[in-house]
Amino acid sequence: MTADVEVESWAAALTPRLAQFAAVARHEHVTRAAQELGVPQSTLSRAMVRLEEDLGVSLFARRGRTVALTPAGRTFLRSVERALAEVDRAAESVRADADPAAGRVSFGFLHTLGTETVPGLIRSFRVDHPRVRFQLVQNYGEAMIERMRAGGLDLCLTSPVPDAPDLVARRLDEQRLRLVVPDDHRLAGRRRVRLAEAASELFVTLEPGYGLRRITDALCAEAGFTPRVAFEGEEAETLRGLVAAGLGVALLPPPAVPRPGVAELTVTAPRAVREIGVAWLDGHPDTPPVAAFKKFLLSRRGQLLT
């Protein structure tokens, strides 16, 4: 037997008939397999003949409507059963993720929101949705957005609030930034400071690409200077440690727990805040658990950080 067609994709050509083949192989009888599948016996017989023609291999030895697998048929069946089992697992997985009561939400957020804000949000949400599962991803804003575009996140909590044609973003709250200085610094005894007063200082900042770095650069520019950057890092509390060690000053959101060795000053000018918002891909349908969590986040406008 030889194949009578050129097949560009065996998966596309064979997949619709794999379950039929497995049923015939299991029953070793075309009529009983047709009854199980709910198709006419003649339709199933033709499908098996076409499958063999496409493969160019005899899968069955036929005795009327009774069939027995050939050696090639047994080899093919083992792979078909694994493939069908994997499809079943995949289907059950996506159905489970979409379950309104116990589905999954893939949620990204900034590192600085991971200590208190996000755990508090999830705790409050699960009062009414106790079985919803979360896949949590901490990263900086651009990385989360790219992961979301690639299908790896449903929602992300980020700053600045993104503005892109393929995204929907909603501002939820704002967070005051403080000028953090060593506790023996010349400004440490002050409660309030203008950012311009730190123009001569060395700064420790997050790396380029982080939202807080862009905000720091923009606020310093508004205050009339370009910050001299001594150290760059990836996490706000590491920067606090560098400040405590006397290696520079930093613009940072409030810490979850007060850090010894630093003084945190209110910046009076320019207005030093960062907006925090939630973003998702435009036009992508939500599963019920994602829709519920999105609605919950939007209900927290102005209360996200309290």
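How do the residues of the lining of the largest cavity divide into nonpolar, polar and charged? I found six nonpolar, six polar and three charged. My classes count Ala, Val, Leu, Ile, Met, Phe, Trp, Tyr, Cys and Pro as nonpolar, Asp, Glu, Lys and Arg as charged, and the others, Gly among them, as polar.

**Ground rules**

This is a predicted model, so I let local features in at pLDDT of at least 70 and side-chain atom pairs at pLDDT 80 or more, while totals for chains, interfaces and linings use all residues. I number residues from 1 along each chain as its sequence is written, and side-chain values use heavy atoms, with hydrogens and water left out.

**Entry: cavities**

I searched the whole structure and got two cavities of 30 Å³ or more. I worked on a 1 Å grid over the protein atoms alone: a cavity is a set of points where a 1.4 Å probe fits but cannot get out, a pocket is an open set with protein on both sides within 12 Å along at least five of seven lines, and lining residues have an atom within 4 Å of a point. Grid points are joined across faces, edges and corners, and a volume is the space filled by probe spheres set on the points.

The largest cavity holds about 130 Å³ of space. I counted 15 residues in its lining, and L110, H111, T112, L206 and Y210 are the closest to the centre.

The second largest cavity comes to about 40 Å³. Among the residues that line it I noted F203, L212, R213, L239 and A250. Strand 9 (202–206), helix 7 (211–222) and strand 11 (250–252) each supply at least two of its lining residues. My helices (H or I, at least four residues) and strands (E, at least two) are DSSP runs, numbered from the N terminus. Strand 9 has the largest share of this lining, with four residues. By class I get eight nonpolar, two polar and one charged.

**Entry: pockets**

Next I looked at the open sites. The largest pocket has a volume of about 490 Å³. Its lining has 24 residues, and T112, E116, T117, Q175 and P254 lie nearest the centre. Which helix gives the most to the lining of this largest pocket? It is helix 5, with five residues. Helix 5, strand 6 (167–176) and helix 8 (236–244) each put in at least two. I sorted the lining into nine nonpolar, eight polar and seven charged residues.

The second largest pocket has a volume of about 400 Å³. I list 17 lining residues there, with G151, L153, D154, P285 and V290 nearest the centre. Helix 4 (71–97), strand 3 (104–109) and strand 13 (273–281) each supply at least two of them. The class split is seven nonpolar, six polar and four charged.

**Entry: helix 5 against helix 9**

Helix 5 had already turned up at the largest pocket, and I then followed it to helix 9. The axes of helix 5 (residues 117–128) and helix 9 (residues 288–298) come within 11 Å and cross at roughly 115°. I fit axes as lines to C-alpha atoms, for helices over the stretch in contact, and take angles from 0 to 180 degrees between N-to-C directions. On helix 5 the contact (heavy atoms within 4.5 Å) uses L121, S124 and F125, and on helix 9 it uses P289, A292, F293, F296 and L297. I tallied seven nonpolar residues, one polar and no charged ones in this contact.

**Entry: rings**

My search of the whole structure gave eleven aromatic pairs. Rings of Phe, Tyr and Trp (its six-membered ring) pair if their centres lie within 6.5 Å; planes under 30 degrees apart count as stacked, over 60 as edge-to-face and the rest as tilted. I looked up F134 and F293: the ring centres are 4.9 Å apart and the planes stand at 75°, so the pair is edge-to-face. F134 lies in strand 4 (residues 133–138) and F293 in helix 9, so the pair ties together parts 159 residues apart in sequence.

**Entry: backbone oddments**

I found a cis peptide bond joining S159 and P160, with omega about -5°. P160 is in the loop between strand 5 (155–158) and strand 6. Another cis peptide bond joins A269 and P270, with omega about -10°. P270 sits in the loop between strand 12 (262–269) and strand 13.

Last, I checked E28, which has a positive phi of about 50° although it is not a glycine. I place E28 in the loop between helix 1 (10–27) and helix 2 (30–37).
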